[in-house]
Amino acid sequence: MSSNNFGQSNVINAVKHSSLPISSYNILAFLTQEEEDMPSMRRGKHILVLGASGRLGSQVVQQALDASYHVTILVRNDRSLPFSRRQLKDPNLVICVGSIFSRIDLDRVIEGQDAVINCLSPRTLWTSDIKLNSRAQRLINESMVKFDVKRLIIVRCHGTPTIDSFFTRLLSNKVYHDKKVQEKLIMENSEFLDWTIIRVGGLSNGKLTKKYLLLDNDEIVFKKVSRADVAHFILKEIGTGMWVKQAPLINGKV
Ligand SMILES: NC(=O)c1ccc[n+]([C@@H]2O[C@H](COP(=O)([O-])OP(=O)(O)OC[C@H]3O[C@@H](n4cnc5c(N)ncnc54)[C@H](OP(=O)(O)O)[C@@H]3O)[C@@H](O)[C@H]2O)c1
């Protein structure tokens with residue numbers, strides 16, 4: 001395991017990201033194997049994953065390592081990370097222990113990256129971290145601007161929360177509101193950031209199917225999509241940049 005408590009440099013040299021033209025149409029299928037193997041489709045190979053110990057973040061990390069990305073993660077605790085022994089020993093994985101609320105820690109992991117994948121989410125609804133997304137995003141933006149790292153991908157809920165219990169709804173509304181603030185912060189930096197905001201109706205822990213529907217409009221009933229499939233899309237998107245400055249809605253196979 002390449003674990004780093006910032007005692008030594010964790011900076012990785014990276015190739016600068018450049019985006020493909022923005023698409024304005026719906027797509028269902030993805031790259032063929034030949035296209036995936038084309039060098040032009042494999043840009044952005046150095047990525048930072050925030051929230052890597054979580055359910056979506058860990059899927060991104062696992063699939064990225066399988067695809068030979070150089071993956072840096074910033075975690076508050078490196079014990080019991082949800083990765084296999086093989087993945088933990090992967091020389092392409094750099095594990096940094098630090099705080100997402102520290103500009104110093106963020107600077108150290110963001111410098112030299114091609115893309116930042118933000119999968120952070122408050123662990124429980126009744127936590128002081130309820131504004132985690134906006135607090136962290138503000139600092140992440142500053143650091144990305146400082147180090148000229150443009151590519152950012154986040155995931156957000158589409159529509160208002162539909163949780164039944166009054167108290168849970170109240171609290172999840174707060175998280176939802178904070179996601180809106182996070183998004184506003186990204187939009188304020190839109191001239192600089194090559195963002196993609198992935199909208200989901202709901203996430204499941206289902207299998208990787210590689211079959212999901214992407215829409216650039218709201219004309220469909222939500223169907224839960226597995227975190228594994230969202231991770232799959234995130235990695236495709238890093239390679240293609242098809243949805244830069246767009247907010248595609250991702251649905252599981254109907
Ligand atoms: N859950 C849904 O149905 C849903 C719906 C729409 C969008 N989303 C979005 O999808 C993304 C992933 O969601 P998920 O359900 O897969 O997440 P998750 O499993 O709950 O993981 C949350 C991650 O955030 C980290 N985190 C929480 N508080 C932190 C703190 N104070 N400092 C550092 N790290 C902290 C956790 O780290 P620790 O392991 O250290 O706690 C964990 O890695 C999020 O951006 C979420 O907003 C989720």
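Reader: What is the bridge partner of Tyr212 in S11?

Author: In this predicted model, Tyr212 is bridged to Gly252 of S11.

Reader: What makes S9 and S11 a pair?

Author: Two strands count as paired when at least two bridges are found between them. Strand S9 (residues 212-215) and S11 have four, in the antiparallel sense, so the pair meets the requirement.

Reader: Why are S7 and S11 said to pair, and in which sense?

Author: Strand S7 (residues 194-200) shares two bridges with S11, in the parallel sense. The requirement is at least two, so S7 and S11 pair. Within S11, Ile250 is the residue that Val200 stands opposite.

Reader: What makes both faces of strand S11 covered?

Author: On one side of S11 (residues 249-252) are Leu249 and Asn251, and on the other Ile250 and Gly252; all are buried. To be called buried, a residue needs 20 or more other C-beta atoms within 10 Å of its own. Leu249, Asn251, Ile250 and Gly252 are classed as buried, so each meets that count.

Reader: How do you know that the reach of helix H5 is close to the expected value?

Author: H5 (residues 132-146) has 15 residues. The expected span is 1.5 Å times one less than the number of residues, which gives 21 Å for H5. From its first C-alpha to its last, the helix reaches 21 Å, so the reach is close to the expectation. Buried residues in H5 include Leu132, Ala136, Ile140 and Met144. After H5 comes Asp148, with a positive phi near 55°.

Reader: Which elements do the buried residues of H4 pack against?

Author: They pack against strands S2 (46-50), S3 (70-75), S4 (93-97) and S5 (115-118), and against H5. The buried residues of helix H4 (residues 103-110) are Asp105, Leu106, Arg108, Val109 and Ile110. Gly112 follows H4 and has a positive phi, near 85°.

Reader: How many residues surround the ligand, and which are the closest?

Author: There are 24, and the closest are Ser53, Gly54, Arg55, Leu56 and Ser121. Helix H2 (55-66) and strand S6 (151-157) are the elements that give two or more residues to this shell.

Reader: How many residues of each class does the shell have?

Author: Eleven are nonpolar, seven polar and six charged. Gly counts as polar and Arg as charged, so Gly54 falls in the polar class and Arg55 in the charged class.

Reader: How many residues does the protein chain have, and what share counts as buried?

Author: The protein chain has 254 residues, of which 38% count as buried. There are seven helices and eleven strands in the chain. Of the contacts with a separation of 6 or more, 75% come from residues 24 or more positions apart.

Methods
Residues numbered from 1 in each chain as written. Predicted model: local features only at pLDDT ≥ 70, side-chain atom pairs only at ≥ 80, totals over all residues. Buried ≥ 20, exposed ≤ 12 C-beta atoms within 10 Å, placed from the backbone. Near = placed C-beta within 6 Å. Contact = placed C-beta atoms within 7 Å.
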